[in-house]
Amino acid sequence: MWVREKLGEGTMMLELEERISDLENWNDGKAFVLYGAEATFCSGADLNAVNAMSSPKDGLMMCMYMQKTLTRLQRLPIISVALVQGKAIGGGAEMSTACDFRLMTEGSEIQFVHKHMGIIPGWGGASRLIQLVGSRQALKLLSGALRIHPEYALSIGLTDDILSSTADRALEEAQTWIRPYTKGPANVIRAIKGLVASGREQLLEDALRKEKDIFGTLWGGPVHLQALSKIFKPN
């Protein structure tokens with residue numbers, strides 16, 4: 001299978017897909033919280049795996065794999081909450097946009113750093129970001145590779161709330177935050193989520209296809225390879 005052969009050390013991508021499969025089969029579920037280990041949400045794709053996939057063909061295959069994975073996450077019949085602690089960088093920023101809600105702890109940040117790598121978001125993050133904050137704000141965040149702190153994220157609608165708990169209590173506070181939206185029978189909550197997901201994604205497929213096409217013109221190109229060479233300097 002291409003994914004398992006090429007991703008190598010990029011186990012995060014594989015494990016995420018496996019967890020989504022588990023959630024798709026969780027027939028009585030209402031909601032879940034997506035969060036990272038050691039008080040960091042996600043600092044992006046495994047750089048060793050990325051370096052091993054520097055050709056345009058490999059980049060497009062990875063792009064399509066992660067678009068499919070995060071679209072499945074977005075379409076889950078249960079409510080999803082991204083708990084952003086520490087940094088959500090690059091692919092981590094894209095992953096957060098695939099959830100229904102985003103909660104940020106104090107001192108955390110989201111950053112779409114793709115332009116520094118000579119590429120654009122390719123996992124669907126740009127398309128979803130436009131839906132969340134509008135085209136003008138999305139242009140600022142992407143072209144400026146801005147560090148988005150909780151207060152700024154709240155002001156533009158990228159996050160739904162700022163949690164004040166310490167790292168070891170943030171998950172508990174996130175679970176408390178989502179509880180009012182999960183009261184009631186599971187089949188009703190899941191029906192509401194399905195209704196909203198359907199209305200939200202009427203034009204998503206077209207946007208994802210365009211994002212993939214543009215991503216494919218940059219991955220493996222001179223600017224991208226130069227950015228990688230600065231990270232992976234020869235010994």
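Which residues of E2 are buried on one side, and which on the other? On one side they are Ile79, Val81 and Leu83, and on the other Ser80, Ala82 and Val84, so both faces of the strand are covered. In a regular strand, side chains alternate between the two faces of the sheet. This is a predicted model, so keep that in mind for everything below.

**The strand in the middle of the story**

With 6 of its 6 residues buried, E2 (residues 79–84) is largely enclosed by the rest of the structure. Two pairings involving E2 are worth a look, and both run parallel. Here they are side by side:

| Partner of E2 | Residues | Bridges | A facing pair |
|---|---|---|---|
| Strand E1 | 31–35 | 5 bridges | Tyr35 opposite Leu83 |
| Strand E4 | 101–105 | 4 bridges | Arg102 with Ala82 |

Those pairs tie back to the opening: Leu83, which stands opposite Tyr35, belongs to one buried side of E2, while Ala82 belongs to the other. Ala82 has Arg102 of E4 as its bridge partner.

**Helices H2 and H4**

Helix H2 covers residues 11–24, and its length checks out nicely: 14 residues at 1.5 Å each should span 20 Å, and the end C-alpha atoms are indeed 20 Å apart. Its buried residues are Met13, Leu14, Leu16, Glu17, Ile20 and Leu23.

Met13 makes a handy link to helix H4 (residues 56–74), where Met62 is found. The two methionines, Met62 and Met13, are 49 residues apart in sequence, yet their C-alpha atoms are 9.4 Å apart in space. Met62 counts as buried because its relative accessibility is 2%, and Met13 is on the buried list for H2 too.

**A buried glutamate without a partner**

Now over to helix H11 (residues 204–218), home of Glu211. What is the nearest side chain of opposite charge to this buried residue? That would be Arg128, 6.4 Å away, and Glu211 has no salt bridge. Setting aside neighbours within four places in sequence, Glu211 is in contact with Gln67 and Glu94, as well as with a run of others including Ile120, Pro121, Trp123 and Ser127.

**The chain as a whole**

Zooming out, the chain has 12 helices and 7 strands. Of its 235 residues, 49% are buried. Among contacts with a separation of 6 or more, 75% come from residues 24 or more positions apart. As for the surface, about 11,600 Å² is exposed, with carbon and sulfur atoms supplying 55% of it.

Definitions and conventions: Residues numbered from 1 in each chain as written. Predicted model: local features only at pLDDT ≥ 70, side-chain atom pairs only at ≥ 80, totals over all residues. Heavy atoms only, no water. Buried < 20%, exposed > 50% of the residue type's maximum accessible area, 1.4 Å probe, protein only. Pairing = 2+ DSSP bridges. Expected span 1.5 Å × (residues − 1). Lys, Arg positive; Asp, Glu negative; His and termini not counted. Salt bridge = Lys/Arg side-chain N within 4 Å of Asp/Glu carboxyl O. Contact = heavy atoms within 4.5 Å. Areas by Shrake-Rupley, 256 points an atom, 1.4 Å probe, with all protein chains shown as cover.
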